[in-house]
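Here are a few exercises to help you find your way around a structure you haven't met before. Try each task on your own, then read the worked solution.

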Amino acid sequence: SKVKDMSAEVVDSNPYSRLMALQRMGIVENYERIREFSVAIVGIGGVGSVAAEMLTRCGIGRLLLYDYDTVGMTKTDAAVQTLADINPDVVLESYTLNITTVEGFETFMASLTNKNFSTSKSGSGVDLVLSCVDNYEARMVVNQACNELNQTWMESGVSEDAVSGHIQLLVPGETACFACAPPLVVASGVDERTLKREGVCAASLPTTMGYNALKDYFPTMEMKPNPQCSNSACLERQKEFALAKPARDAIAKAK
Ligand code: ATP
Ligand code: ZN
């Protein structure tokens, strides 16, 4: 319900009012810092376009938008036009590309590691990646990029009837990556295209385990990384995370 309130509140185009709205939401303490953050959004469709608009209205510092599709104009250029009107202070970057091609992946990685703007401490030049794509292959590519860059990201999925979905936070080395726990239909080797019409999102976690809008049911769970994960960058991040455990324990003790 907080999210619903938010869209009604954050309508003012004055940057100060935008921050006031974020403050009133009361979710984050250091809300002014949103201006320092860069967020990459992969897939500017049903989920990605709304995420981009919300972040723009909240006064995010910079958005990097990726999509290969067109709506007359390219989706990313159309989004930039709309978002710049909503909030001209946001630095907007439009990337019309397919992240699963060699060329697309190279540009994707180069844009994520461009540190001219960011304050991020990880290997990446952004603070968060949002995966808002609609297929397994693209999700695996985002997973690969984020594991390589040690980049925290969020994965989303909506069922075709749009009443259920899931959100997964992925912190390389610390939580399961997208390859650690492959979706059941993928693990069982069924071609995802054959499942397209059944009202399920074959490419994500079983939607019955996620949010159900009709029942307002939103279960949460934690998934540990898989020590046998097929993704080598994930295994490297797991090793680093384990090595840093004494330091984490010491910090926890000092608190
Ligand atoms: P709908 O399914 O309701 O018609 P849509 O086609 O926009 O909407 P969504 O599932 O809402 O689909 O959004 C997914 C978005 O991700 C799409 O805009 C699609 O073009 C984009 N996308 C999917 N795969 C890739 C990829 N490999 N590279 C770049 N963008 C991708
Ligand atoms: Zn993994």
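The exercises below go from the overall picture to single residues, and the model they use is a predicted one.

**Exercise 1. Get an overview: work out how many helices and strands the protein has, and what share of its residues is buried.**

Solution. Start with the secondary structure: you should end up with nine helices and nine strands. Next, go through the 255 residues: 42% of them are buried. Then turn to the outside, where the protein exposes about 14100 Å², with carbon and sulfur atoms supplying 56% of that. Last, take the contacts between residues at least 6 apart in sequence: 61% of these join residues at least 24 apart.

**Exercise 2. Explain why Cys 146 has no disulfide to Cys 177.**

Solution. Recall what you're looking for: a disulfide is a covalent bond between the sulfur atoms of two cysteines. To count here, the two sulfurs must be within 2.5 Å. Now find the cysteine sulfur closest to that of Cys 146: it belongs to Cys 177 and sits 10 Å away, so it is too far for a bond. Over the whole model, the count is zero disulfides. While you're there, check the surroundings: Cys 146 is buried at 0% relative accessibility, and Cys 177 is buried too, at 4%.

**Exercise 3. Describe how helices H6 and H8 pack.**

Solution. For two packed helices, you give the angle between the axes and the distance between them. H6 covers residues 136-149 and H8 covers residues 232-243; their angle is about 35 degrees and their axes are 8 Å apart. Then look at the handedness: this crossing is left-handed. Finally, pick out who touches whom: Gln 144, Asn 147 and Glu 148 from H6 meet Ala 233, Cys 234 and Arg 237 from H8. Sorted by class, that contact has two nonpolar, two polar and two charged residues.

**Exercise 4. Take Asn 150 and Ala 162, and say where each lies and whether it is buried, partly exposed or exposed.**

Solution. Begin with Asn 150, which is in the loop between H6 and E7. Its phi is near 55 degrees, a positive value in a residue other than glycine. With 34% relative accessibility, Asn 150 is partly exposed. Move on to Ala 162, in the loop between E7 and strand E8. Ala 162 isn't a glycine either, yet its phi is positive, about 65 degrees. Its relative accessible area of 55% is over the 50% cut-off, so Ala 162 counts as exposed.

Technical notes:
Residues numbered from 1 in each chain as written. Chains lettered and ligands numbered in written order. Predicted model: local features only at pLDDT ≥ 70, side-chain atom pairs only at ≥ 80, totals over all residues. Heavy atoms only, no water. Buried < 20%, exposed > 50% of the residue type's maximum accessible area, 1.4 Å probe, protein only. Axes fitted to C-alpha atoms, helices over the stretch in contact; angles between N-to-C directions. Helix = DSSP H or I, 4+ residues; strand = E, 2+ residues; numbered from the N terminus. Left-handed = near helix turned anticlockwise from the far one by under 90°. Contact = heavy atoms within 4.5 Å. Nonpolar A, V, L, I, M, F, W, Y, C, P; charged D, E, K, R; others polar. Areas by Shrake-Rupley, 256 points an atom, 1.4 Å probe, with all protein chains shown as cover.
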